[in-house]
Amino acid sequence: MSAPVPPPQPSSSATSADVADLYKEIFTGQQAALEVVSTGRLSQVGARPPIGTYLKQLWGRRHFLWAEARAKVTSGTRETLLGQAWLVISPILNGLAYYLIFGLILNTSRGIENFLGYLVIGVFLFQFTTQCVTNGAKSIQSGRNLIRAFSFPRASLPISVVLRSMLNLVPTLAAMLLIIVLLPPAEAWTTASLLFPIVLVLQVMLATGLALLFARMTTVIPDLSQLLGVAMRIWLYASAVFFSIDRFAEYPSIVGIMEANPMFMVLDAARDCLLYATVPDAGTWIGLSAWSVGALVVGFLFFWQGEESYGRA
Amino acid sequence: MAEPESNPFAQATVAVQNVHVRYRVPSTDAAERRRGANFVKRAARTVLGNDPKVLVRALSGISFVAKSGEQIGLVGQNGSGKSTLLRIIAGLENPARGRVLAESTPVLIGVNAALVPDLSGEQNIRLGCLAMGLSPEQAEEAVPDVKQLAGLGKSIYLPMKTYSSGMGARLRFAIATAANPHILLIDEALATGDAAFRERSEARMQRLRQGAGTVFLVSHAAQTIEESCTRAIWLNKGRLVLDGPAQDVALRYRKWAWAVAKDKPDEAKQIIEKAFSEREQTHVHVEDTKQPRQYTARHVRAPKNARPTAQRK
Ligand SMILES: Nc1ncnc2c1ncn2[C@@H]1O[C@H](COP(=O)(O)OP(=O)(O)OP(=O)(O)O)[C@@H](O)[C@H]1O
Ligand SMILES: [Mg+2]
């Protein structure tokens with residue numbers, strides 16, 4: 001078992017503090033045993049792996065991510081009578097409510113052609129981002145049971161939130177497309193519509209980056225989760241969800257800010273593809289790609305850097 | 001000490017090196033409120049409703065090395081740091097000072113980790129297996145085995161939040177051992193199990209140890225430690241009091257606990273001081289075999305034959 005102390009060899013890899021401790025103990029006369037272990041066989045637990053290994057571990061847990069997302073997507077409706085059907089029913093009801101209010105009762109268009117389609121795209125797509133960001137920010141807190149029970153790359157939790165929102169998005173998108181195609185003024189499928197999935201991919205990347213970013217930020221400053229609701233509301237208004245950007249035509253600076261906003265770009269591109277049968281312009285593509293890739297890379301690196309701190313949350 | 005060439009340390013599975021853990025926690029102690037803060041700070045605290053933070057030293061200077069085939073019992077009064085030590089070994093939290101090395105990822109079974117309360121026991125088995133990094137096929141294979149070990153009958157199909165504490169503990173133990181971990185950390189998880197389950201879990205742990213594994217066991221029943229452990233560690237207020245054969249440590253701990261219970265502080269103090277003075281202090285020296293950054297020039301190093309140059313696998 002433990003070996004008695006041989007004349008200690010202060011080898012170069014021991015820190016000077018260790019050695020000082022050791023000598024102190026030996027000379028104060030208490031019995032001491034020296035155990036030598038090497039990092040060749042043992043490795044440090046809970047240490048943050050290099051980014052490549054981390055990505056590999058994350059990929060190794062893909063089945064876990066998927067299972068977790070699928071398990072949680074139905075947990076909100078488990079106690080209801082209609083169960084999973086609500087995942088489809090509630091976006092359809094939402095869409096119908098907008099149709100009823102804006103299409104039939106108010107009959108407003110605010111100078112926007114096909115206002116119903118405009119509104120539905122804005123609301124449903126923005127809702128996805130909101131879900132990802134707010135639930136992503138809470139993911140470390142709400143996944144504490146799992147964090148305390150298993151060691152796995154913690155980025156799994158915010159990423160699983162995004163996956164869950166994507167599963168929620170599927171019926172929502174179906175409802176959205178039905179409304180656009182069926183309810184008057186009906187739009188037809190065009191070749192530009194084929195670009196819509198690309199817009200979605202970019203939006204998902206953006207949302208994942210933000211979810212990772214805020215997941216770590218709220219563990220450092222818990223107060224952020226209180227502010228996030230307000231921030232998302234401001235972002236909602238700044239993304240021209242209910243109105244047209246043309247309203248601000250006299251204020252070029254506001255227009256400039258809004259056009260640099262990634263969610264505005266997402267909605268603008270989606271509307272171009274689905275409603276106006278135009279291919280979004282190159283500026284939108286470049287700007288949106290830059291935001292999405294940037295958010296994902298920054299969010300991921302930022303989250304990975306805090307990997308060792310989440311156990312305490 | 002064995003010959004350096006034969007690598008006598010091949011058996012070490014966990015090395016804990018001089019670990020310190022501190023928590024900063026809000027305290028409602030009125031004395032703490034008055035202490036050391038100037039007027040502005042106190043006013044700010046009153047307005048924000050924040051309590052002053054105090055430092056809790058959960059662990060100080062813990063060092064030991066666990067070998068394969070050992071079952072190590074942790075004893076100590078409430079709040080002495082047993083659970084904290086296990087969390088640190090599992091890598092779920094990081095120590096303020098010192099480090100923990102392990103041969104493979106340790107698996108911790110805690111008291112209150114309900115995995116996903118909304119899901120049924122069966123779904124939790126799958127999710128837990130995937131979280132530990134099994135592939136879906138392996139998880140599917142493990143399910144019948146886990147079900148059998150848990151022995152919950154039809155209750156396995158009910159939501160986990162409806163389980164009694166013993167049922168939850170059985171399921172968690174069964175899940176955690178599904179992946180045949182080499183290092184198993186059990187935090188009072190077996191305390192609520194009935195006799196039949198105790199028998200089965202004993203057998204399971206035996207098997208793990210025979211496969212060159214190491215088991216850590218926290219239990220307040222000193223008898224359990226005496227009967228099933230080969231070695232015991234006694235913690236008191238975050239300090240290591242004694243580390244040695246289970247019989248001896250458990251006996252002294254029992255005497256001490258008895259003295260405390262009978263309100264004989266002097267006797268208790270005597271026992272603990274005696275144990276302290278007889279303890280063999282362990283120093284864990286970690287030999288870094290891969291340290292590209294802290295490379296020291298060849299001529300500064302100790303002569304090569306002075307210590308075994310551990311080879312990397
Ligand atoms: N997350 C935490 N935040 C703040 N303080 C903590 C935390 N975890 C533990 N502590 C403190 O650290 C000390 C050790 O706690 P720990 O849970 O390790 O005790 P224990 O030995 O497991 O006790 P028990 O026998 O009651 O389970 C306690 O004083 C506790 O208040
Ligand atoms: Mg405890």
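These are my notebook entries on a few places I looked up in this structure, which is a predicted model.

**Entry 1: the nonpolar cores**

I started with the inside. The largest nonpolar core has 76 residues. Those with the most contacts inside this core are Phe150(A), Leu171(B), Phe173(B), Leu184(B), Ile186(B) and Trp234(B). I then looked up where its largest share comes from, and found helix α5 of chain B, residues 136-150, which gives six residues. There is another core, lying apart from that one, with 57 residues. Leu119(A), Ile180(A), Phe264(A) and Ala269(A) are among them. A reminder to myself: in soluble globular proteins, nonpolar side chains tend to be buried together.

Next I picked Phe173(B) and asked which residues it is in contact with, leaving aside neighbours within four places in sequence. My list for Phe173(B) reads Ile109(B), Leu149(B), Leu184(B), Ile186(B), Leu190(B), Phe197(B), Ser201(B), Arg204(B) and Met205(B).

**Entry 2: a nonpolar patch outside**

Then I turned to the surface of chain A. Here I found a nonpolar patch formed by Leu81(A), Leu82(A), Trp86(A), Val88(A), Ile92(A), Leu93(A) and Leu96(A). Together they have about 680 Å² of accessible area. I checked Leu81(A) on its own: it sits in the loop between α3 (62-73) and α4 (85-105) of chain A. Is Leu81(A) buried or exposed? Its relative accessible area is 89%, so I wrote down "exposed", since the cut-off for that word is over 50%.

**Entry 3: salt bridges**

I counted eleven salt bridges over all chains. The idea behind them is friendly enough: side chains of opposite charge can pair when their charged atoms come close.

My first example was Lys72(A) with Glu68(A), whose side chains meet at 2.8 Å, N to O. Both lie in helix α3 of chain A, four residues apart, which is about one turn of the helix. The two partners have their own surroundings: Lys72(A) is partly exposed at 23% relative accessibility, whereas Glu68(A) is buried at 2%.

Arg231(B) took up more of my page. Its side chain meets that of Glu70(B) in a salt bridge of 3.0 Å, N to O. Arg231(B) lies in strand β8 (residues 231-236) and Glu70(B) in the loop between β2 (53-67) and β3 (71-75), both of chain B, so this pair ties together parts that are 161 residues apart in sequence. Both Arg231(B) and Glu70(B) are buried.

Arg231(B) also forms a salt bridge with Asp243(B), with the closest N and O atoms 2.9 Å apart. Asp243(B) belongs to strand β9 (residues 239-245) of chain B, so here the tie is between parts twelve residues apart in sequence. I noted that Asp243(B) is partly exposed, with a relative accessible area of 23%, while the value for Arg231(B) is 6%, which is buried.

I also found a network of salt bridges in chain B, which links Glu122(B), Arg126(B), Glu140(B) and Lys147(B).

**Entry 4: helix α4 of chain B**

How many of the eleven residues of helix α4 (residues 121-131) of chain B are buried? I found nine, so I called this helix mostly covered. Glu122(B), from the network above, is one of the buried residues; others include Ile125(B), Leu127(B), Cys129(B) and Leu130(B). What do these buried residues pack against? They pack against α3 of chain A, together with α5 and α6 (165-176) of chain B. Just after the helix, Gly133(B) takes a positive phi of about 100°.

How values were computed:
Residues numbered from 1 in each chain as written. Chains lettered and ligands numbered in written order. Predicted model: local features only at pLDDT ≥ 70, side-chain atom pairs only at ≥ 80, totals over all residues. Heavy atoms only, no water. Patch = residues over 30% accessible without salt bridge, like charges linked within 9 Å, V, L, I, M, F, W, Y side chains within 5 Å. Areas by Shrake-Rupley, 256 points an atom, 1.4 Å probe, with all protein chains shown as cover. Salt bridge = Lys/Arg side-chain N within 4 Å of Asp/Glu carboxyl O. Helix = DSSP H or I, 4+ residues; strand = E, 2+ residues; numbered from the N terminus. Buried < 20%, exposed > 50% of the residue type's maximum accessible area, 1.4 Å probe, protein only. Core = buried A, V, L, I, M, F, W, Y, C linked by side-chain atoms within 4.5 Å. Contact = heavy atoms within 4.5 Å.
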